[in-house]
Amino acid sequence: MPFDKNIMNEIQTRLQVLNQRIQNLKMEPSSITLIAVSKFQAFEKIQIAFDLGIVHFGENYLQEALLKIQQAREKNLKITWHFIGRIQSNKTRAIAENFAWAHTIDRLKISERLNHQRPKHLPPLNVCVEINLGNEENKSGTNAQNALPLCLEILKLPHLCLRGLMAIPPASQNPNEQHFYANKMFHLFHNVRNQLPDNAKNNFNVLSMGMSDDLEAALLEGATHIRIGSALFGARPLK
């Protein structure tokens with residue numbers, strides 16, 4: 001079934017705009033990992049974005065994600081799936097079995113379950129520790145003080161690969177506030193990395209922050225992975 005040409009053109013145009021925003025920062029888009037946040041989006045849009053060269057896709061809701069992962073397998077799309085939603089204990093097995101990345105590790109119990117349930121024939125699950133920068137009650141994530149202890153515990157789990165830190169800073173349209181939180185995250189990332197064992201430092205190279213509205217501040221402050229939804233797919237449809 002052919003794609004809707006209007007949808008294809010819209011996504012292609014938005015991707016060009018995104019790449020231009022990155023280039024305006026004197027950065028090469030190829031040096032940044034763009035994770036397309038595809039929650040609530042039709043699979044057709046995922047396939048269009050994939051055909052345009054995007055291979056990393058982030059999903060927040062497990063049951064929705066599993067359907068898309070199955071569709072991608074049926075079409076032999078070599079997508080790298082990132083779980084970016086809150087992780088509950090009853091969801092860890094399916095995440096461990098179907099995703100390459102989990103960005104929202106905030107406690108040891110979840111890490112241990114993912115490690116135990118990761119199929120042995122798969123490579124270690126790439127994980128990031130999520131930091132609740134603003135200590136917001138409505139957001140998951142551990143506090144900055146617990147970042148290093150949690151990272152050190154994760155390093156003991158053989159079926160997980162500790163890759164870095166992730167954050168969703170407090171929402172703000174103020175560039176100064178965006179830079180403040182992104183810079184705070186950058187310093188935490190390097191503080192944690194410097195205290196890891198030498199054999200863990202090379203893998204600890206991911207700072208996952210920045211979304212459609214604040215990607216400039218995030219990238220200028222050192223983000224390596226940005227999670228982009230509406231700026232790529234347009235307004236998110238109702239669930």
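1. A quick term before the notes: a crossover is called right-handed if, with the strands pointing away from the viewer, the path from the first strand over the helix to the second runs clockwise. By that rule, β5, helix α6 (residues 147-154) and β6 make a right-handed β-α-β unit. Keep in mind throughout that this is a predicted model.

2. Staying with those strands: β5 covers residues 125-131, and its pairing with β6 is parallel, over seven bridges. If you want a spot to look at, V127 sits opposite L162 in β6. On to β7 (residues 206-208), which also pairs with β6 in the parallel sense, this time over three bridges. There, M166 is the residue standing opposite S208 of β7.

3. How many residues of strand β6 are buried? Eight of its eight, so you can call this strand (residues 160-167) mostly covered. As a general reminder, side chains in a regular strand alternate between the two faces of the sheet.

4. Next, helix α2 (residues 43-51). It is largely enclosed by the rest of the structure, because seven of its nine residues are buried. The buried set is F43, K45, I46, Q47, I48, A49 and F50. Note that K45 and Q47 are on that list along with F43 and F50.

5. What covers the buried residues of α2? The cover includes helices α1 (5-23), α3 (62-74) and α10 (230-233), plus strands β2 (56-59) and β3. After α2 comes G53, and its phi is positive, near 110 degrees.

6. Aromatics: searching the whole structure turns up five aromatic pairs. One of them is F83 with F99, an edge-to-face pair with 5.4 Å from centre to centre and 85 degrees between the planes. F83 belongs to strand β3 (residues 80-83), while F99 sits in the loop between α4 (92-98) and β4 (101-105), so the pair ties together parts that are 16 residues apart in sequence. F83 counts as buried because its relative accessible area is 2%, under the 20% cut-off. F99 is buried too, at 2% relative accessibility.

7. Another pair worth a click is F180 with Y181. Their ring centres are 5.1 Å apart and the planes meet at 80 degrees, so this pair is edge-to-face; the angle needed for that label is over 60 degrees.

8. Salt bridges: the structure holds nine. One of them joins E64 to K68, with 2.6 Å between the closest N and O atoms. Both residues lie in helix α3, four residues apart, or about one turn of the helix. Are E64 and K68 buried or exposed? Both are buried. E59 comes in as well, since E59, E64 and K68 are linked in a network of salt bridges.

9. Two more salt bridges have other surroundings to check. D106 bridges to R107, the closest N and O atoms being 2.9 Å apart. D106 is buried, with a relative accessible area of 15%, whereas R107 is partly exposed at 33%.

10. The other one is K156 with E153, where the closest N and O atoms are 3.1 Å apart. K156 counts as exposed because its relative accessibility is 59%, and the cut-off for exposed is over 50%. Its partner E153 is partly exposed, with a relative accessible area of 31%.

Definitions and conventions:
Residues are numbered from 1 along each chain as its sequence is written. This is a predicted model: local features need pLDDT of at least 70, side-chain atom pairs count only at pLDDT 80 or more; totals for chains, interfaces and linings use all residues. Side-chain values use heavy atoms; hydrogens and water are left out. Rings of Phe, Tyr and Trp (its six-membered ring) pair if their centres lie within 6.5 Å; planes under 30 degrees apart count as stacked, over 60 as edge-to-face and the rest as tilted. Helices (H or I, at least four residues) and strands (E, at least two) are DSSP runs, numbered from the N terminus. Buried means under 20% relative accessible area, exposed over 50%, partly exposed in between (1.4 Å probe, protein chains only). Contact means heavy atoms within 4.5 Å. Two strands pair if DSSP finds at least two bridges between them. A salt bridge is a side-chain nitrogen of Lys or Arg within 4 Å of a carboxyl oxygen of Asp or Glu.
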